[in-house]
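Q: I would like to take a close look at a single part of this structure. Please describe how that part meets its surroundings, in one connected account.

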Amino acid sequence: RYDSTMRNLACMFCMVLSYLFAQLMLWAKSRSGGLLVLGSANVDEALRGYMTKYDCSSADVNPIGGISKTDLKKFLVYAKDKFNLPVLEDIMAAAPTAELEPLTDGRITQTDEQDMGMTYAELSTYGRLRKIHRCGPYSMFCKLVSTWGDQCTPAEVAEKVKHFFRCYAINRHKMTVLTPSIHTEDYSPDDNRHDHRPLLYNVSWNWQFRCISEQLQQLSATTDLLDKTPKTTPAKARLSKLMDPNGKTGVVV
């Protein structure tokens with residue numbers, strides 16, 4: 001708890017210092033006016049709630065607030081080739097980190113993905129399914145159990161989806177202070193001006209998570225029965241229809 005509190009305070013100081021410089025830089029040069037503060041939080045961090053209220057994500061305008069981490073990396077690849085900037089290779093290869101802990105033997109000890117409990121690639125997928133496809137916990141599980149069938153078991157998919165929606169519900173209130181950004185993609189989360197969904201959710205998602213657990217049991221029973229059924233029997237063919245077209249365990253409907 002103490003470490004978390006100190007890290008949150010460090011993030012808030014970043015916002016305070018940013019506005020301090022924005023207010024005083026022109027004054028120090030005997031020039032009138034003030035400067036706008038630009039934010040640096042991407043859409044994935046806002047969706048996951050991986051930010052502190054009134055930290056460096058708080059600004060006047062956030063140029064990348066509506067873009068996912070995966071798309072930002074694609075832009076860096078384009079910029080590297082288009083403008084001949086090989087230095088961007090180091091940025092793309094670096095592990096994402098908020099740099100909230102001192103280095104140990106010259107190495108990073110804190111990474112964003114470790115803190116979040118999910119990768120940015122997974123988070124980008126969750127964001128697209130939630131916003132574009134309007135998926136809740138159960139429907140997202142139904143889609144991912146087939147899509148990720150070659151890399152995760154249904155039980156692992158269920159745990160990943162539940163973890164994401166717990167985090168989403170816990171941090172939903174942070175969307176009320178989301179810095180205005182340029183919404184260039186369909187998956188961008190709306191800020192409090194246009195988002196009319198509840199700001200507080202029941203983090204246990206009782207009904208949705210129960211449906212996932214029941215579907216998981218049904219998938220497990222179907223898979224076990226399919227494994228025990230001889231390949232040439234009509235029953236095998238009927239059970240195979242409960243599998244997705246790629247032969248991976250899919251959603252029983």
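A: Once its neighbours within four places in sequence are set aside, H163 is in contact with M116, G117 and M118. In this predicted model, the C-alpha atoms of H163 and M116 are separated by 9.6 Å, although the two residues stand 47 residues apart along the chain. H163 has a relative accessible area of 25%, and because buried means under 20% and exposed means over 50%, H163 is classed as partly exposed.

H163 belongs to helix α8, and the surroundings of that helix may now be considered. Two packed helices are described by the angle between their axes and the distance between the axes. For α6 and α8, the angle is about 75 degrees and the axes are 12 Å apart. Since angles of 65 to 115 degrees count as roughly perpendicular, α6 and α8 are described in that way. On the α6 side, this contact involves E122, L123, Y126 and R130, which meet K160, V161, F164 and Y168 of α8. Sorted by class, the residues of the contact between α6 and α8 comprise five nonpolar, no polar and three charged.

A further partner of α8 is α7. Helix α7 covers residues 137-147 and helix α8 covers residues 154-170; their axes come within 9 Å and cross at roughly 145 degrees. The crossing of α7 and α8 is right-handed. From α7, the residues P137, M140, F141, L144 and V145 take part, while α8 contributes P154, V157, A158, V161, F164 and F165. This contact of α7 with α8 contains 11 nonpolar residues, with no polar and no charged ones.

L144 offers a view of this region from the side of α7. Residues up to four places away in sequence being excluded, L144 touches T125, Y126, L129, G149, V157 and V161.

Several of these residues also appear in the largest nonpolar core, which has 26 residues. Those with the most contacts inside this core are Y126, M140, F141, L144, V161, F164 and F165. At least two residues of the core are supplied by each of α6 (120-131), α7, α8 and α9 (206-228). Helix α8 gives the most to the core, with seven residues. In soluble globular proteins, nonpolar side chains tend to be buried together.

To return to the starting point, α8 holds H163, which is partly exposed, and α8 also supplies V161, F164 and F165 to its contact with α7.

How values were computed
Residues numbered from 1 in each chain as written. Predicted model: local features only at pLDDT ≥ 70, side-chain atom pairs only at ≥ 80, totals over all residues. Heavy atoms only, no water. Axes fitted to C-alpha atoms, helices over the stretch in contact; angles between N-to-C directions. Helix = DSSP H or I, 4+ residues; strand = E, 2+ residues; numbered from the N terminus. Left-handed = near helix turned anticlockwise from the far one by under 90°. Contact = heavy atoms within 4.5 Å. Nonpolar A, V, L, I, M, F, W, Y, C, P; charged D, E, K, R; others polar. Core = buried A, V, L, I, M, F, W, Y, C linked by side-chain atoms within 4.5 Å. Buried < 20%, exposed > 50% of the residue type's maximum accessible area, 1.4 Å probe, protein only. Parallel < 35°, antiparallel > 145°, perpendicular 65-115°, else oblique.
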